[in-house]
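Biologist: I should be grateful for a close look at a single part, the metal site, with a brief word afterwards on another element of the fold. Please state the criteria as you go.

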Amino acid sequence: MSRVTDVRLRRIYDSRGKETVEATVVSDGGATGVAGAPSGASTGTHEVQAFPNGGVATALELGTSAIRPAVRGLALDDQAGFDAKLHEVDGTPNFARIGGNTATALSVAFALARAKEQEVDLARSLGAPARPTTWPAVVGNCLNGGRHAIGGPDIQEFIAFAANASPNDEVRAALAVHRAVGEELHRRLPTHALGRGDEGGWVAPVGNVEALDILAGACAKVRDELHLSVHPGVDLAASEFFRGNEYHYRDRTLDLDGQVAFLGEIVDRYGIRYLEDPLDQEEFDGFARVTAAVGSKCLVVGDDIYTTRRERLRTGLDRKSSNAILIKVNQVGTLTDTLATVALAKASGVATVTSHRSGDLPEGWLADLAVAFGSAGLKCGLLGGERVAKLNELLRLGAATEAPH
Ligand code: PGA
Ligand code: ZN
C-alpha cells in the first residue's frame with residue numbers, strides 16, 4: 001500500500017458564502033483525494049471547535065508548518081493512524097489548535113485518496129457490501145424555520161422521510177413532497193414571494209402548526225399519487241429556543257411537561273416518523289420520556305445532545321434517551337472518531353442518521369458514509385447543488401448495484 005506524499009489546504013466557501021477549508025491528500029501511488037468541510041449554524045455546545053482562533057488563515061498556516069510534515073509518509077491504508085496523527089499535531093481535546101473542520105477535510109480527503117487507489121467508491125472502501133440490501137432513508141428538508149430561515153416557523157426543519165425503497169424511489173418521493181409543499185404554500189399565500197432557506201427548504205411566514213399541516217398534506221398526496229412511502233419528520237433544534245428551563249415559541253412558552261405533551265400530540269396527529277432534537281441538548285432524561293412515549297412510532301434522533309461524541313452517546317444509552325443518533329463528521333473532526341460512535345450505536349441497537357450541515361459543499365461523499373455506516377437515514381436536504389450532489393451520489397451507489405442493461 002502506498003503512502004501519503006503531500007497534503008495541501010486551501011480556503012474555499014460553503015453554501016452560505018462562509019469561509020471553510022478544503023484538503024487535498026496525494027499518495028505516492030498517484031491517487032488524490034479532495035474534500036471540504038461543512039459548517040453548522042445551530043451548532044451543539046459539545047462539538048469540537050470548527051476553526052482555530054485565527055480562523056481559516058491560521059488553519060492554512062498550520063497546514064503547511066505543522067500538519068504536512070507530520071503526515072508525510074503515513075500509510076494510505078491506515079485511517080486510524082492518520083487521524084491519530086491529526087490529534088497529536090492538534091494536542092487539544094477539541095481540535096482547538098488546528099480546527100475540527102481542518103481535521104474533517106483532511107480525514108475525508110485521505111479516505112477518498114485511498115478509495116481512488118483501490119479503484120472502488122468510498123462506500124465500498126469503508127466496508128459497505130458490494131450489493132447493499134437496504135438503503136438509508138432520504139431525510140429531506142422541505143420547509144425551513146429557526147436559525148435557517150428568518151421569518152419562518154420556530155421549528156427548524158420540516159422533513160420528508162422517504163424510507164424502505166430504492167435510492168431512486170426515495171429521492172423521487174422526497175422531491176415530490178418538496179414540490180407539493182411549495183404548491184400548497186403558493187396556494188395559501190398567493191401574493192407572497194416564497195424563498196428558500198439555508199438547506200434548500202421553503203421559507204414562508206407560517207407558524208409551526210400550519211407548517212405541519214402543509215407537510216403532512218404533501219406527504220399524503222405523494223403517497224396517494226405515486227404510491228411511495230414518505231412520511232413527515234421534524235428537527236426542532238429545540239436548544240435554539242430553550243431559555244430558563246422553558247421552550248419559547250413565538251406564540252407560547254412550554255415547560256418540560258408541556259413540551260413532552262406537545263411532541264406526543266404532533267407525532268400522533270401528523271404521523272411523524274422522524275423526530276430530531278425535540279428537547280434541549282442537556283435533557284438526557286427528558287429525551288428518555290419522549291422516547292418512551294413515541295419511540296415505537298418514530299425515530300427519536302439526538303443531534304445537539306450527542307454531537308456525534310461516543311461518551312455522550314454512552315450517557316444516552318445509560319439513560320435510554322433515544323433510539324437514534326445523528327452523525328456529523330465535523331462535530332468530532334475525524335472519520336475514526338465518527339466510526340467509533342457509529343460502532344457503539346450499532347452494537348447498542350441505536351440507529352444512525354448520517355447528516356450534512358446547513359452550510360455545505362457540492363460534494364457527494366456523505367452518501368458514501370451513510371451507506372458504509374449502514375445508516376437508517378441520509379439527511380442531506382433536497383435542493384441546491386450542495387444537497388443534490390449527495391442525492392445524486394446515493395443514486396450512483398444504487399445504480400452501481402443494479403445488473404447492467
Ligand atoms: P446545522 O443544522 O448544520 O446548522 O447544525 C443542521 C441540523 O441541526 O441538523
Ligand atoms: Zn439537528
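Modeller: Along the chain, the donors of the zinc ion (ligand 2) follow the spacing D-x40-E-x26-D. The model is predicted: local features need pLDDT of at least 70 and side-chain atom pairs count only at pLDDT 80 or more, whereas totals for chains, interfaces and linings use all residues. Residues are numbered from 1 along each chain as its sequence is written, chains are lettered from A and ligands numbered from 1 in the order in which they are written, and side-chain values use heavy atoms, leaving out hydrogens and water.

The protein donors are Asp235 (OD), Glu276 (OE) and Asp303 (OD), at 2.0 to 2.3 Å from the ion. Donors are N, O and S atoms within 2.8 Å of the metal (3.2 Å for Na, K and Ca); water is not among the atoms, so sites may look incomplete. Asp235 belongs to strand S8 (residues 230-235) and Glu276 to strand S12 (residues 274-276); this pair links distant parts of the chain, 41 residues apart. Strands are DSSP runs (E, at least two residues), numbered from the N terminus. Asp235 is buried, with a relative accessible area of 1%, and Glu276 is buried at 0%. Buried means under 20% relative accessible area (1.4 Å probe, protein chains only).

Elsewhere, three strands form an open antiparallel sheet in the order S1-S2-S3. Its edge strands, S1 (4-13) and S3 (32-36), each pair on one side only; pairing requires at least two DSSP bridges between two strands. Strand S2 (residues 19-27) pairs with S3 over five bridges, and Ala23 stands opposite Ala35 in S3.

Terms used
Helices (H or I, at least four residues) and strands (E, at least two) are DSSP runs, numbered from the N terminus. Buried means under 20% relative accessible area, exposed over 50%, partly exposed in between (1.4 Å probe, protein chains only).
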